[in-house]
Amino acid sequence: MPSTAKTKTLYYFRAIRNKQAFDIQKFMSMARSKKATCAESEVDLGSGDIVRIQRYDDSKGMIKIHLTRYIPGVLAATLQPKVLAAEDDETAHAPPSGREFKDGDCFLLLKDHHVIFCADRIGHRKAKHYLELLFKEADLYEQTYGFDLAPASNLDTVKLIHEHGVKAIDLKVSAYALSLPQGEHKRWPIRLFGGLLNEINALAAKDQVAVEQKALEDLMVGVKISLNGNSRSDEKSQHFIESMAKTFLDDDDPDDFSLSIVTQKNEKITADKIRLHTRVNLQTKQDNTVSHKNAWDVMEHYFDEIRNAGLLEQ
């Protein structure tokens, strides 16, 4: 019997464009008026997968969205339970006629430029890319081009970094992210890897089959940036590495790279302590996917908590 709950992370983001608050709720409402059905909201992301709005709610002064993904033509592997043999041959089966297997979900709550996000196999980068393409197809490109979802930092953690100083930064980057064309490395933490780009690109020089791409995604390349000496190191060096650490906090994307920061007092701060987020238990349905109603209710509650704590505009 499948589990009746999943532990998930809710993240708080702020939608921004040209360094200003971006009213993503308004533009989502405009896009929905033009893309009102599941079929109209389907977008091919260009990697074989199609994302669409599965469910949509515009009430209580906010918008709640359930995005889902499918890959046309994909088969599902099956096995025979309790087979009386040393091994069992898996067999692949197609979905019923006219149907496709679901390959992931995510949930968003939009209020002005505030966003609460919950992933269930669709990360926030892919969700943002979907929204970009949806806005474009809804003739909203000019007003929405270049918007981003900026994670909000936990001010207590930022204060700790400032008070105790930074001793080292450990950065691990997905080899697949490094293998992308150089023009796509817009975030400077990835560009820090410099010469490694050429070596990684050599691995990806030929057309990648799925297995090769997966191998690159699983391979993490690491670098450590640290001060020579102790807390009395040159003040300029300390200021530089602290500034670098804070820049990483603003730029961290768990889909591409992960980081940990070590303070002068040897306190290790990982990404999950940096981002403003919460862990929750969400109800699941018989197919072991998250209940959108429960997800939306819990996300509403978390938004109210953040608002009541005065953290929306910190």
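Asp-57 comes out at 23% relative accessibility, so it counts as partly exposed; the cut-off for buried is under 20%. I start with Asp-57 for its partner: Lys-64 forms a salt bridge with Asp-57, with 3.4 Å between the closest N and O atoms. Lys-64 has 5% relative accessibility and therefore counts as buried. So that salt bridge has a buried lysine and a partly exposed aspartate. Please keep in mind that this is a predicted model.

On confidence, then. The mean pLDDT of the protein chain is 79, and 67% of the residues reach 70 or more. Two stretches need a caution. Over residues 203-221 pLDDT stays under 50, and the model has 31 contacts for them beyond four places in sequence. Residues 251-255 also stay under 50, with 18 contacts counted in that way.

Back to charges. Side chains of opposite charge can pair when their charged atoms come close. How many salt bridges does a search of the whole structure find? The count is 14. One of them is between Asp-120 and Lys-8, at 3.0 Å from N to O. That pair links distant parts of the chain, since Asp-120 sits in strand E9 and Lys-8 in strand E1, 112 residues apart. Are Asp-120 and Lys-8 buried or exposed? Both are buried.

Next, a pair within one helix. Asp-304 and Arg-307 meet through their side chains in a salt bridge of 2.7 Å, N to O. Both are in helix H12, and because they are 3 residues apart there, about one helical turn separates them. Asp-304 has a relative accessible area of 29%, so it is partly exposed. Arg-307, at 40%, is partly exposed as well. Elsewhere, salt bridges with shared partners join Asp-49, Arg-69, Asp-103, Arg-121 and Lys-126 into one network.

Now the helix itself. H12 runs over residues 292-308, which is 17 residues. From first C-alpha to last it reaches 24 Å, close to the 24 Å expected at 1.5 Å a residue. Which residues of H12 are buried? They are His-292, Asn-294, Ala-295, Trp-296, Val-298, Met-299, Glu-300, Tyr-302, Phe-303 and Ile-306. And what do those buried residues pack against? The answer is a set of strands: E1 (5-17), E4 (50-59), E5 (62-70), E8 (102-111), E9 (114-120) and E15 (277-283). E1 and E9 have already come up, as the strands that hold Lys-8 and Asp-120. After H12 comes Gly-310, with a positive phi near 70°.

The last item is Asp-105, in strand E8. With 2% relative accessibility, Asp-105 counts as buried. What does the side chain of Asp-105 make polar contacts with? One polar contact, of 2.7 Å, joins it to the side chain of His-66. Another, of 3.1 Å, goes to the side chain of Thr-68. Leaving out residues up to four places away in sequence, Asp-105 touches His-66, Leu-67, Thr-68, Ala-119, Asp-120, Arg-121, Ile-122 and Thr-289. Two names on that list are familiar: Asp-120 is the salt-bridge partner of Lys-8, and Arg-121 belongs to the network with Asp-49, Arg-69, Asp-103 and Lys-126.

Conventions
Residues are numbered from 1 along each chain as its sequence is written. This is a predicted model: local features need pLDDT of at least 70, side-chain atom pairs count only at pLDDT 80 or more; totals for chains, interfaces and linings use all residues. Side-chain values use heavy atoms; hydrogens and water are left out. Helices (H or I, at least four residues) and strands (E, at least two) are DSSP runs, numbered from the N terminus. The expected span of a helix is 1.5 Å times one less than its number of residues. Buried means under 20% relative accessible area, exposed over 50%, partly exposed in between (1.4 Å probe, protein chains only). Contact means heavy atoms within 4.5 Å. A salt bridge is a side-chain nitrogen of Lys or Arg within 4 Å of a carboxyl oxygen of Asp or Glu. A polar contact is a pair of N or O atoms within 3.5 Å; within protein, one must be able to donate a hydrogen and the other to accept it, and residues adjacent in sequence count only if both atoms are side-chain atoms. pLDDT is the predictor's confidence in each residue, from 0 to 100.
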